[in-house]
Amino acid sequence: MFTSPSRDHREDHFRLNERGRNTAKMGEQPIFSTRAHVFQIDPNTKKNWVPTSKHAVTVSYFFDCTRSVYRIISLDGSKAIINSTITPNMTFTKTSQKFGQWADSRANTVYGLGFSSESQLAKFAEKFAEFKEAARLAKEKSQEKMELSSTPSQQESIPGDLLSPLSPDTINGTELERVTPNTPQHIEARAEPSHKTLPPSHSSSSMNKHWEAELEALKGNNAKLTAALLESSANVKQWKQQLGAGQTTVIKSQKTELNQTIEELEAALKAKEEELERLKEEVESANGFQFKKESLSQKLQDTESRNQALEARLSELEQRLEGQQQEREAFRESLRSLLELLDGKIFELTELRDTLGKLLESS
């Protein structure tokens, strides 16, 4: 169960969005970058992943050497979709071969990254563990430094009997609270001084000394508040200068990311154009095949028609040949009959000749 984001994290996120999405301040530089699809856990179900980028974007580790802080930052165009400060209690978990996630209690969410390869996921996880350990060591060193540098004088508060309620003339104090909300404040309002607190034996001279001492204390406090206000104003001016200097790095980073995106789109467009040309060639080839197919089909139909005509003629010739053969057979039969008849007549004539010869001899 996540708690609501801390004030520091909300301020960091607000500054990141309101300053034109500046991801690099003075002393904060990217130390490792990769590309991945970014997701966040559904805040309602805490189960489903919601994509926060339409395509793969650059995800970078940033290190702030002035504060010894590591952050994971990703921009989708001009929108900050990841702004996560690495703490020692964070854990990056690989949930699949190309997907990993980590929980950020300050942002009250869980971030997920989908990589294009297992090696990219392994490298990101390795860097996460490395910077997590570095954050832990930096935190321990910072705590030791604070313990060594702290003194009793810095922890004591100004006595209450030397303060009075702030008047409109000391409005610098309230202004300081607005400028530096993280600055420790030791000023406490006390009750109005009463004459009953002074012993009855005190003279008017003692009362005057008391009020003079209190007035001097108020002047000293006002001078301290004024100095603090001036210091805060100088810090604000310095922050503005740092912001102006950091914009150059951010613009370069965004320009590099845009150039990479343009190159990817140009490569994808070129691939699509090549695929379109290939499809056109295939369509033209298919049209040529279709034309050849139609031409061959027409030729086949013509050949079949000629074959049918030739078959019909052949059948007619066969019928005529058969008729001629029948006529020839009939003619042969007639000739055979004539030959037989002629043979009979010749035989008769021969017998007649022989008879006539015999008659001539006898006569």
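**View 1. Arg 336 is partly exposed on helix 5.** Arg 336 has a relative accessible area of 41%. Here buried means under 20% relative accessible area, exposed means over 50%, and partly exposed lies in between, with a 1.4 Å probe and protein chains only. The model is predicted, so local features need pLDDT of at least 70 and side-chain atom pairs count only at pLDDT 80 or more, while totals for chains, interfaces and linings use all residues. Residues are numbered from 1 along each chain as its sequence is written, and side-chain values use heavy atoms, leaving out hydrogens and water. Arg 336 forms a salt bridge with Glu 333, and their closest N and O atoms are 2.8 Å apart. A salt bridge is a side-chain nitrogen of Lys or Arg within 4 Å of a carboxyl oxygen of Asp or Glu. Both residues lie in helix 5, three residues apart, about one turn of the helix. Helices (H or I, at least four residues) and strands (E, at least two) are DSSP runs, numbered from the N terminus. Glu 333 is partly exposed too, at 44% relative accessibility.

**View 2. Glu 329 and Arg 332 form a salt bridge in helix 5.** Helix 5 spans residues 204-362. The closest N and O atoms of this pair are 3.7 Å apart. Glu 329 and Arg 332 are three residues apart, about one turn of the helix. Glu 329 is partly exposed at 43% relative accessibility. Arg 332 is partly exposed, with a relative accessible area of 43%.

**View 3. Arg 67 meets Asp 64 in a salt bridge.** The N to O distance between their side chains is 3.1 Å. Arg 67 is partly exposed, at 41% relative accessibility. Asp 64 is buried, at 3%. The structure holds eight salt bridges. Elsewhere, salt bridges link Glu 133, Arg 136 and Glu 140 in a network.

**View 4. Phe 92 and Phe 128 form a tilted ring pair.** The structure holds 14 aromatic pairs. In this one, the ring centres are 5.5 Å apart and the planes meet at 35°. Rings of Phe, Tyr and Trp (its six-membered ring) pair if their centres lie within 6.5 Å; planes under 30 degrees apart count as stacked, over 60 as edge-to-face and the rest as tilted. The pair links distant parts of the chain, 36 residues apart. Phe 92 sits in the loop between strand 5 (79-85) and strand 6 (93-94), and Phe 128 in helix 2 (residues 118-149). Both rings belong to buried residues. Phe 128 also touches Tyr 61, Ile 72, Met 90, Thr 91 and Trp 102, not counting residues up to four places away in sequence. Contact means heavy atoms within 4.5 Å.

**View 5. Phe 115 and Phe 124 form an aromatic pair that is tilted.** Their centres are 5.6 Å apart, with 50° between the planes. Phe 115 is buried, with a relative accessible area of 6%. Phe 124 is buried as well, at 0%. Both belong to a cluster linked by ring pairs; among its other members are Phe 32, Tyr 61, Trp 102 and Phe 131.

**View 6. The largest nonpolar core has 24 residues.** A nonpolar core is a set of buried Ala, Val, Leu, Ile, Met, Phe, Trp, Tyr and Cys residues joined through side-chain atoms within 4.5 Å. Tyr 61, Ile 72, Ile 82, Trp 102, Leu 113, Phe 124 and Phe 128 touch the most other members. Two or more core residues come from each of strand 1 (28-41), strand 3 (57-64), strand 4 (69-76), strand 5, strand 8 (109-114) and helix 2. Helix 2 gives the most, with six residues.

**View 7. Ser 84 contacts Trp 102 from strand 5.** Ser 84 is buried, with a relative accessible area of 0%. The side chains of Ser 84 and Trp 102 make a polar contact at 3.2 Å. A polar contact is a pair of N or O atoms within 3.5 Å; within protein, one must be able to donate a hydrogen and the other to accept it, and residues adjacent in sequence count only if both atoms are side-chain atoms. Ser 84 touches other residues too, including Tyr 70, Ile 72, Asp 104 and Tyr 111.

**View 8. Strand 1 pairs antiparallel with strand 3.** Eight bridges join these two strands. Two strands pair if DSSP finds at least two bridges between them. Thr 34 has Val 59 in strand 3 as its bridge partner. Strand 1 and strand 8 also run antiparallel, joined by four bridges. There, Phe 39 is partnered by Gly 112 of strand 8. Three bridges join strand 1 to strand 2 (residues 49-51), again antiparallel. Phe 39 stands opposite Pro 51 in strand 2.
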